[in-house]
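Work through the following exercises with the sequence and the coordinates side by side, and try each task before reading its solution.

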Amino acid sequence: MTHFISRAERILSSKYSKVSLWDLVLPKKNLGVGMKVKRAGWSQPECYWEITVAQLTQPGGRLRLRGNKYWNGRLVEEDGFIHCSAKQKWRLVEPEKVVPRLAKHMKDAMATKELREAQQASREVED
């Protein structure tokens, strides 16, 4: 029995899936602006394109992507045209884990909660 999966499931199913750059950016609200993408053949972790401009030539027409190219962590091409975007060998760069900042009042609230818990624990030890 042959199993058929949707194109979206295929895109998300593998880190090295065979999808075009258009498949990755078209479902996004801002057409991928700000995303980091790389060709599947680029094995170095610091080699990628950061998309800065996405334009449709006409409604339902071609998608032109421009961006900054980083190679080994250095900017080598600024606002360049991203070639081969229709080829099916693109993937997303793993996003870095971002730790959200707590607002000042949240930090203060957490500090007072920890202080209360410490005071309660010391009282329990004394009793």
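**Exercise 1.** Determine which residue in E2 is the bridge partner of Lys 36, and place that pair within the sheet.

*Solution.* In E2, Lys 36 has Glu 50 as its bridge partner, and Val 37 has Trp 49. These belong to the antiparallel pairing of strand E1 (residues 36–39) with strand E2 (residues 48–56), which extends over two bridges; strands here are DSSP runs of E with at least two residues, numbered from the N terminus, and two strands count as paired if DSSP finds at least two bridges between them. E1 also pairs with E5 in the antiparallel sense, over three bridges, and there Arg 39 stands opposite Trp 90. The model is predicted, with pLDDT of at least 70 required for local features and 80 or more for side-chain atom pairs, while totals for chains, interfaces and linings use all residues. Residues are numbered from 1 along each chain as its sequence is written, and side-chain values use heavy atoms, without hydrogens and water.

Taken as a whole, the open sheet has five strands in the order E4-E3-E2-E1-E5 with antiparallel pairing. Strand E4 (74–81) and strand E5 (90–92) each have a single partner strand, so one side of each edge strand is left without a neighbour in the sheet.

**Exercise 2.** Which side chains meet in a salt bridge (a side-chain nitrogen of Lys or Arg within 4 Å of a carboxyl oxygen of Asp or Glu), and which strands hold them?

*Solution.* The structure holds one salt bridge, in which the side chains of Arg 66 and Asp 79 meet at 3.7 Å, N to O. Because Arg 66 lies in strand E3 (residues 63–71) and Asp 79 in strand E4, the pair ties together parts that are 13 residues apart in sequence.

Conventions:
Helices (H or I, at least four residues) and strands (E, at least two) are DSSP runs, numbered from the N terminus.
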